[in-house]
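Subject: Handing over a structure, with notes

Dear colleague,

I am passing a structure on to you, and below it I have set out what was found when it was examined. Please read the notes with the model open beside them.

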Amino acid sequence: MNKNKKRIIVTGGSGFIGSEMIRHLIQNTDSLVFNLDSLEYSGNQSNLHSISSSKRYFFQRVRIGSKREISKIFRDFLPNLVINFAAESHVDRSIDNPEIFFETNTMETLKLLEVCRDYYKTSKANFLFHHISTDEVYGDIQKPDYFSKEGDPYCPSSPYAASKASSDHLVRSFHKTFDLPVKITNCSNNYGPYQFPEKLIPHVILNALNSKKLPIYGDGSQIRDWLYVEDHINGILSVIDKGKIGETYNIGGDNQTSNLDLVRNICEILDESIYRKINIDSFKDLIIFVDDRPGHDKRYAIDCSKIKNECNWKAKHDFSSGLFKTVNWYLENKAWWQEILDKKYTLERVGLKK
């Protein structure tokens with residue numbers, strides 16, 4: 001193995017955002033990339049088909065909490081960068097089963113940090129642990145014109161957000177206590193190709209294509225900022241390259257919209273596609289309103305001025321172009337999502353426990 005090349009471990013690299021990172025690194029750099037993924041329900045090796053034969057790509061199926069196995073990988077691979085995407089990430093599922101979210105997102109992240117600390121201490125390597133987090137740790141924004149900043153207090157509403165807030169605090173504590181070089185990025189809602197169908201945008205697309213109703217929680221007025229996944233990857237890499245050790249950076253798309261308007265926009269794109277249904281006037285006719293999710297925050301929005309000023313980054317995709325590209329990717333890649341549906345993912349709602 002060439003020790004002069006950059007050696008990067010990507011955890012959760014078979015998921016939606018992690019696989020985008022790996023494809024980018026293999027296609028655009030000469031780095032060696034090691035994917036560590038447990039291949040739970042949303043991990044998909046098909047996401048990496050285009051680069052799987054690269055001699056610079058390595059994979060092992062392993063949980064990030066498996067300290068003995070992870071430690072051996074570190075000793076053999078000698079990474080100088082870890083990008084930690086590994087997480088349970090669906091809010092609705094965290095309502096049904098909070099325990100698995102804290103096991104993975106908090107306790108297993110702690111074990112990974114311990115491996116990184118010991119490796120950094122003994123190897124004296126040039127090393128960075130980059131942790132991927134979410135804007136949901138800041139909680140619901142009550143003021144209509146306010147945007148969450150990196151120094152704001154955490155106020156998570158869901159078990160998912162609480163588990164990610166816990167992991168953020170752990171990462172910072174390992175920097176403060178053990179001098180582990182770390183950086184954290186908190187992103188807004190991602191969208192784009194290869195996103196697992198439980199998330200809102202692919203869920204709506206696939207429901208529509210399967211003539212299913214398009215459920216919207218509450219009145220659909222909840223506002224989110226949407227970040228195209230390619231922009232997110234470029235933002236992460238900008239922070240890795242130019243950000244300060246020990247600092248946190250918000251990454252957002254500057255694309256705020258309500259859930260109802262989002263679903264309507266998807267329907268309008270589908271109405272102009274070859275998949276338009278002849279028995280309805282518009283896919284919008286499939287929209288229904290259902291009971292809201294427990295603890296559903298009204299608005300998330302983050303201030304991205306820090307990453308723009310310090311790392312010279314901004315999102316390149318506006319929401320209309322990014323959404324159009326995303327919808328058309330799902331239209332053109334039925335084999336990818338049909339395989340998921342065939343494995344008995346039912347597009348049914350979860351997260352109703354109170």
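I would start with Glu 108, which is buried at a relative accessible area of 7%, where buried stands for under 20% relative accessible area, exposed for over 50% and partly exposed for what lies in between, with a 1.4 Å probe and protein chains only. Before going further, please keep in mind that this is a predicted model, in which local features need pLDDT of at least 70 and side-chain atom pairs count only at pLDDT 80 or more, while totals for chains, interfaces and linings use all residues. Residues are numbered from 1 along each chain as its sequence is written, and side-chain values use heavy atoms, with hydrogens and water left out.

Salt bridges

Glu 108 forms a salt bridge with Arg 63, and the closest N and O atoms of the pair are 2.8 Å apart; the term is used here for a side-chain nitrogen of Lys or Arg within 4 Å of a carboxyl oxygen of Asp or Glu. Because Glu 108 lies in helix α4 and Arg 63 in the loop between β3 and α2, the pair ties together parts that are 45 residues apart in sequence. Helices (H or I, at least four residues) and strands (E, at least two) are DSSP runs, numbered from the N terminus. Arg 63, for its part, counts as partly exposed at 25% relative accessibility, and a network of salt bridges links Glu 40, Arg 63 and Glu 108.

The structure holds 15 salt bridges, and two others deserve a look. In one of them Glu 198 pairs with Arg 93, with the closest N and O atoms 2.6 Å apart. Glu 198 sits in the loop between β7 (189–191) and α6 (200–209), and Arg 93 in helix α3 (residues 91–96), so this salt bridge ties together parts that are 105 residues apart in sequence. Glu 198 is buried, with a relative accessible area of 8%, whereas Arg 93 is partly exposed at 26%.

The other joins Asp 30 to Lys 5, whose closest N and O atoms are 3.7 Å apart. Since Asp 30 lies in the loop between α1 (16–28) and β2 and Lys 5 in the segment before β1, parts that are 25 residues apart in sequence are tied together by the pair. Both residues count as partly exposed, Asp 30 at 45% relative accessibility and Lys 5 at 24%.

Helix α2

Which residues of helix α2 (residues 67–77) are buried? They are Ile 70, Ile 73, Phe 74 and Phe 77, and they lie on the same side of α2 because they cover an arc of only 100 degrees around the axis, the arc being that of the directions from the helix axis to the C-beta atoms. An α-helix has 3.6 residues a turn, so residues three or four places apart point the same way. The face turned away from the buried side of α2 carries the exposed residues Arg 68 and Arg 75. What covers the buried residues includes β1 (7–11), β2 (32–37), β3 (57–61), β4 (81–84) and α4 (98–123). After α2 comes Leu 78, whose phi is positive, near 55 degrees.

Nonpolar cores

The largest nonpolar core (a set of buried Ala, Val, Leu, Ile, Met, Phe, Trp, Tyr and Cys residues joined through side-chain atoms within 4.5 Å) has 70 residues, of which Phe 85 and Ile 266 touch the most other members. Helix α8 (residues 259–271) gives the most to this core, with seven residues. Neighbours within four places in sequence aside, the residues in contact with Phe 85 (heavy atoms within 4.5 Å) include Val 10, Ile 17, Met 21, Ile 132, Ile 233 and Ile 236. A second, separate core of 25 residues includes Ile 9, Ile 70, Ile 73 and Val 115.

The chain as a whole

The secondary structure of the chain comes to eleven helices and twelve strands, and 56% of its 354 residues are buried. Along its principal axes the C-alpha trace spans about 65 × 45 × 40 Å. Among contacts between residues at least 6 apart in sequence, 82% join residues at least 24 apart.

With best wishes
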